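Q: I'm new to this one and would like a slow walk through it. Could you start with the ground rules and then go from there?

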Amino acid sequence: MLRAPGYLKALVLCALIGIPVSLAAFWFMVGLHELEHVLWAGLPHTLGWDLPPWWWPLPLLLFAGAAVGLVAGRLPGAGGHIPAAGLHAGGASSAALPGVLLAAAVCLPFGAVLGPEAPLIALGGGLALWFRDLARVPATPQSTTLLGAAGAAAAIAAIFGNPLVAAVLLIEVAGVGGPQLFAVMLPALLSSGVGSLVFTGFGRWTGLETGSLALKLPTPFPRVDAGDVVWALVLGVALTVALHPVFAVGRSVAAYVAGRALVRTIGCALGAAACAALYALITGRSPADVASSGQATLGGLAADPHAWGVGALLAVLLFKSAAYALCLGSLRGGPVFPALFLGAAVGVLLAPLPGLGVVPGMAAGMAAAAVGVLRLPVSSVVLVVLLLGGSAMMPVVILAAVVAFVTVELLPAR
């Protein structure tokens with residue numbers, strides 16, 4: 001297959017597709033980032049508040065729930081798949097793409113406790129298939145698989161900031177194996193590499209921001225010791241067990257919303273907003289800690305974990321988990337970013353335990369949470385190691401990920 005002329009042509013097409021897909025992903029992420037900044041920082045500051053008031057999430061998520069309910073009921077593709085079902089690489093189509101992008105645009109910046117990775121996968125796969133049809137390339141099952149994976153990888157490399165994460169993630173999400181593995185993943189790796197170059201270079205040229213997952217952790221990293229290993233095993237089990245009912249509730253919410261999509265989506269969105277409002281009333285902190293994906297809050301938590309008291313950490317874990325479950329079943333987005341934040345928050349909360357520390361706790365917590373949500377151990381390890389910016393915590397990350405994967409496989413099916 002690798003030597004076939006048709007496959008080589010598809011490989012060249014995938015490299016070319018990586019350029020427009022990465023540019024589209026760049027502007028999509030810029031739009032989401034700028035709109036979120038306006039809604040949660042610029043507008044409150046203009047109105048005279050240093051932080052958004054406690055009630056701020058209520059009107060924003062009311063709008064998001066109504067808009068997503070309308071998109072889900074009226075546009076092809078229903079705005080994308082339900083986040084509680086996990087992350088999927090297939091099913092992208094050019095017909096469903098407008099609804100997916102619209103649902104993400106009216107949902108994620110307005111405070112949905114979800115990330116942008118699922119819409120980006122749909123964006124990349126849908127655009128790749130659209131370009132295939134535009135170039136009049138024969139629509140065969142092989143070209144659909146190759147180009148869909150390549151487009152999704154080019155787009156997902158944008159948000160995770162590394163083509164290796166995109167390639168590994170698509171390996172596990174697509175579920176391919178055997179002789180077809182390299183045939184599918186070579187285009188994905190090539191396209192994601194091209195997309196990463198274009199995305200990074202275009203961002204530096206324009207000076208615009210899309211948001212970053214890079215964590216500014218205290219350096220140098222501590223050496224891994226026996227205590228870190230033991231706590232990594234404990235966190236791997238505990239976080240997986242804790243996240244399991246969150247997704248179970250998310251699945252139940254999805255079944256509930258399916259009956260009357262518009263009204264019940266609005267109700268669930270307002271429920272998530274109430275979680276953020278109650279958190280702000282109780283702690284005096286910004287409701288943005290609970291609302292939205294947690295990407296920006298995760299960076300702040302990593303940079304200054306001591307700014308969070310025990311009460312604030314417990315409150316954000318409780319309220320963000322509840323809002324996360326509601327959004328998983330009703331709104332549109334990806335499940336990865338809130339899980340990473342919850343795992344990191346648990347790691348910081350438990351850091352004072354004997355033999356643990358902030359960096360090992362966050363590393364093990366993020367790895368366990370990512371595996372508990374995605375059920376993709378290799379992708380989770382690569383993602384967390386790259387987020388940490390070094391391999392010093394790799395043993396802790398791997399142990400937590402493996403234990404979490406074994407635990408999630410032993411738990412009852414969602």
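A: Let me begin with a term: a charge sits over a ring if NZ of Lys or CZ of Arg is within 6 Å of the ring centre and within 35 degrees of the ring normal. This is a predicted model, in which local features need pLDDT of at least 70 and side-chain atom pairs count only at pLDDT 80 or more, while totals for chains, interfaces and linings use all residues. Residues are numbered from 1 along each chain as its sequence is written, and side-chain values use heavy atoms, with hydrogens and water left out.

Q: OK, so which ring does the charged end of Arg285 sit over?
A: The charged end of Arg285 lies over the ring of Trp308, 3.9 Å from its centre. Arg264 does likewise with Tyr256, where the distance from charged end to ring centre is 4.4 Å.

Q: And which residue forms a salt bridge with Arg285?
A: That is Asp289, with the closest N and O atoms 3.0 Å apart; a salt bridge here is a side-chain nitrogen of Lys or Arg within 4 Å of a carboxyl oxygen of Asp or Glu. In general, side chains of opposite charge can pair when their charged atoms come close.

Q: Are those two buried or exposed?
A: Buried means under 20% relative accessible area, exposed over 50%, and partly exposed in between, using a 1.4 Å probe and protein chains only. Asp289 has 8% relative accessibility, so it counts as buried, whereas Arg285, at 26%, is partly exposed.

Q: How many salt bridges does the structure hold?
A: It holds 2, and Arg375 with Glu409 forms one of them, the closest N and O atoms being 3.8 Å apart. Because Arg375 lies in the loop between H13 and H14 while Glu409 belongs to helix H15, this pair ties together parts that are 34 residues apart in sequence. Helices are DSSP runs of H or I with at least four residues, and strands are runs of E with at least two, numbered from the N terminus.

Q: Tell me about H15, then. What do its buried residues pack against?
A: They pack against helix H8 (226–257), helix H13 (358–374) and helix H14 (377–388), and among them are Val396, Val397 and Ala400. Helix H15 covers residues 394–410, and its 17 residues reach 24 Å from first C-alpha to last, close to the 24 Å expected, where the expected span is 1.5 Å times one less than the number of residues.

Q: What does Asp228 in H8 touch?
A: Leaving aside residues up to four places away in sequence, Asp228 touches Arg223, Gly355, Leu356, Gly357, Pro360 and Val396, contact meaning heavy atoms within 4.5 Å. Asp228 is buried, because its relative accessible area is 4%.

Q: Switching topic: how many aromatic pairs are there?
A: The count comes to 7, where rings of Phe, Tyr and Trp (its six-membered ring) pair if their centres lie within 6.5 Å, planes under 30 degrees apart being stacked, over 60 edge-to-face and the rest tilted. Phe26 and Trp27 have ring centres 5.2 Å apart and planes at 85 degrees, so they are edge-to-face. Phe26 is buried at 1% relative accessibility, whereas Trp27 is partly exposed at 44%.

Q: Which tryptophans do ring pairs link into a cluster?
A: Those are Trp49, Trp55 and Trp56.
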